Amino acid sequence: MRFAVVRSSAPGCEPNCPEWISAEGTIEAGTPALFKRLLKTLGGRQLPIVVNSPGGNVDAALQLGRAIRKAKLDIAVGTTEFSGCSPEMKNCRGDEDASYLGVANDSGAMCNSACPLMFAGGVRRVVGEWAYLGVHQITTTYRREKLLYRTTYKIVNGKKKVLGTKIVSRKNAGSYKTYEMSKAVEKRLSGYLKEMGIEQGVLDVMKATPASDIRQIEPDDMLEMKLVTSLDSLDLLTENTICRRNPVPANCREIPTNGKQVAVASVEIKSAGPQPTEAASSSRPEQDMRFVLVRGSNPLCDPDCPEWISAEGAIVAGTPDRLRELLDTVGGRRLPLVVNSPGGDVQGALAAGRLIRERGLDVAVARTDFLDCDLGAVGCGAKDLHTGLTVDAGAECDAACAVMIAGGTRRFVGANVHFLVHSMGMEDKVKAYLEEMAIGAGLFVAMQSARYAKHRELSQDELAEFGLTTGRQSVDTLTGATICKSSPKPDNCRVLPAANAAAEAPAKL
């Protein structure tokens, strides 16, 4: 493995660009020493690591992980494409301000075998959807040696007294390998993962995967095992626009032009008067957001059907409390939220988003069509469980709704959804919240670029680029009729008892 400090060469980032440590290649016994030597040259600067490695020496990987955690560095799986000079070129170095220039991407990058042990040391740990992280059983190689000694002695009082022993030759006597983890190694790895705050499920997958194979861990499983801290891509750490954030990330460095400090380009919206904390909505009165427990009514899913929480209406100050009340009634089940909202109170959206993240819920923007009764009808709202279908056509998520959506563990916005943003007051709190939720700075800039009451509609590409959505799928990913047939079965699937199933089933013609 070789290490190199890289500065982004992406257009538009100068004079303040992100920098990172490129770590490419096999982990060997001497790799930790090379890494510590590089850290000394940084003078305490905290640069994220972009790693691409097939694995290697387990002991060295553990040392690297501990060194990374001690230095409080973030890490992502990715490759670096160098511009001009690259580390393998002889007599070729970057300019005096940065060793190398390049861009980072995660397409096809890997962190396999022993590499995930190194990866576990990161404070923030990121594996994008186009990168791979895989584990397998550890292979231990034992080497035999035949040693020839020379012993020096003298006779004292008729007895032989050894003065010294020296090895005069070594010969290779063969080697053998074991492909099962010993109890001692398992104990060491278990202790290390616990030290790093990683769930033991990682160790279970390692033990269950033959040494001749690689088990690629799925993103959701990595998140559940706490092997990753979010489902973002490495753009979170290396994108050329991150240096426009406030505060500026630790891995950004401004290089003056002609010896003069150059201001960082940023978007700042100032209003002539105080801005309200509620997002603008249409002139018609909006109903406050209500939360309803819904079960899929498609006959294809019966008797094992997905369930979700419908969240429709304007966000108000009491919205987080209403959501908490409903969540407390479902016994800890992680049901996704299907949201359709014109926006509303920013403070309420912030609190609702944090509650969603605290409970580990997925979210999608869509409408729920209720089939059992009209929620406005007398007595309909008294039901504990409704039946219905989700539809993304015509659904909306405006203004403060984007803040609430940002709290989801997985976040989906279909192609037929209208997603609108604008500036909305409480800028400092909103910006800090989006950073807390690991959403790219581009979303906040897009919000501020549309002055109050003038909406800007965001496309699927923009939502993905800003990191607000975690995938381009629609709400069907969470509520589709066939999702309960997949393995593992989603948390929001449930088989109703026969009597209830018959009672809840929609009428058939």
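## Burial, ring pairs and backbone geometry in a predicted model

A399 counts as buried, at 0% relative accessibility. The model described here is predicted. A399 sits in the loop between β20 (396-398) and α10 (400-405), and phi of A399 is near 50 degrees, a positive value in a residue other than glycine.

**Overall make-up**

The protein has 509 residues, of which 47% count as buried. Its secondary structure comprises 15 helices and 24 strands. Among contacts between residues at least 6 apart in sequence, 74% join residues at least 24 apart. The accessible surface of the protein is about 25300 Å², and 50% of that area belongs to carbon and sulfur atoms.

**Backbone geometry in loops**

Most residues other than glycine have a negative phi, and most peptide bonds are trans. Beside A399, K226 also has a positive phi, of about 65 degrees, although K226 is not a glycine. K226 belongs to the loop between α6 (219-224) and α7 (235-238). With a relative accessible area of 43%, K226 is partly exposed, whereas A399 is buried. A further positive phi, of about 60 degrees, is taken by K72 just after α2.

Two peptide bonds are described here as cis. The bond from E14 to P15 is cis, with omega near 10 degrees, and P15 is in the loop between β1 and β2 (16-24). The bond from S487 to P488 is cis as well, with omega near 0 degrees. P488 is placed in the loop between α14 (476-479) and β24 (493-495).

**Aromatic rings**

A pair of aromatic rings is described by the distance of the centres and the angle of the planes. The count for this model comes to 2 aromatic pairs, set out below.

| Pair | Arrangement | Centre to centre | Angle between planes |
|---|---|---|---|
| F3 and F35 | tilted | 5.2 Å | 50 degrees |
| F82 and Y100 | edge-to-face | 5.7 Å | 75 degrees |

In the tilted pair, F3 lies in strand β1 (residues 2-8) and F35 in helix α1 (residues 31-41), so the pair ties together parts that are 32 residues apart in sequence. F3 and F35 are both buried. In the edge-to-face pair, F82 lies in strand β5 (residues 79-83) and Y100 in strand β6 (residues 100-105), so this pair ties together parts that are 18 residues apart in sequence. Y100 is at 7% relative accessibility and therefore counts as buried, the cut-off being under 20%.

S99 is in the loop between β5 and β6. With a relative accessible area of 22%, S99 is partly exposed. The C-alpha atoms of S99 and R7 are separated by 7.8 Å, although the two residues are 92 residues apart along the chain.

Another ring has a charged side chain over it: K160 lies over the face of Y153, at 4.4 Å from the ring centre.

**Helix α2**

Helix α2 (residues 58-70) has 13 residues and reaches 18 Å from its first C-alpha to its last, close to the 18 Å expected at 1.5 Å a residue. At the start of α2, a side-chain oxygen of N57 comes to within 3.0 Å of the backbone nitrogen of D59.

Which residues of α2 are buried? They are A60, A61, L62, L64, G65, A67 and I68. An α-helix has 3.6 residues a turn, so residues three or four places apart point the same way. The cover over the buried residues of α2 includes β1, α1, β3 (49-52), β4 (75-77), α3 (115-119) and α4 (183-195). Two of these elements, β1 and α1, also carry F3 and F35 respectively.

**Helix α8 and strand β11**

T319 is in helix α8 (residues 319-329) and is buried, with a relative accessible area of 0%. A polar atom of the T319 side chain lies 2.9 Å from the backbone nitrogen of V316. Leaving aside residues up to four places away in sequence, T319 touches M289, F291 and A314.

I167 is in strand β11 (residues 159-178) and is partly exposed, with a relative accessible area of 34%. Leaving aside residues up to four places away in sequence, I167 touches L147, L148 and Y149. R150 is 17 residues from I167 in sequence, and the two are 6.3 Å apart in space, C-alpha to C-alpha.

Notes:
Residues numbered from 1 in each chain as written. Predicted model: local features only at pLDDT ≥ 70, side-chain atom pairs only at ≥ 80, totals over all residues. Heavy atoms only, no water. Phe/Tyr/Trp six-rings, centres within 6.5 Å; stacked < 30°, edge-to-face > 60°. Helix = DSSP H or I, 4+ residues; strand = E, 2+ residues; numbered from the N terminus. Buried < 20%, exposed > 50% of the residue type's maximum accessible area, 1.4 Å probe, protein only. Lys NZ or Arg CZ within 6 Å of the ring centre and 35° of its normal. Contact = heavy atoms within 4.5 Å. Areas by Shrake-Rupley, 256 points an atom, 1.4 Å probe, with all protein chains shown as cover. Polar contact = N/O pair within 3.5 Å; in protein donor to acceptor, adjacent residues only side chain to side chain. Expected span 1.5 Å × (residues − 1).
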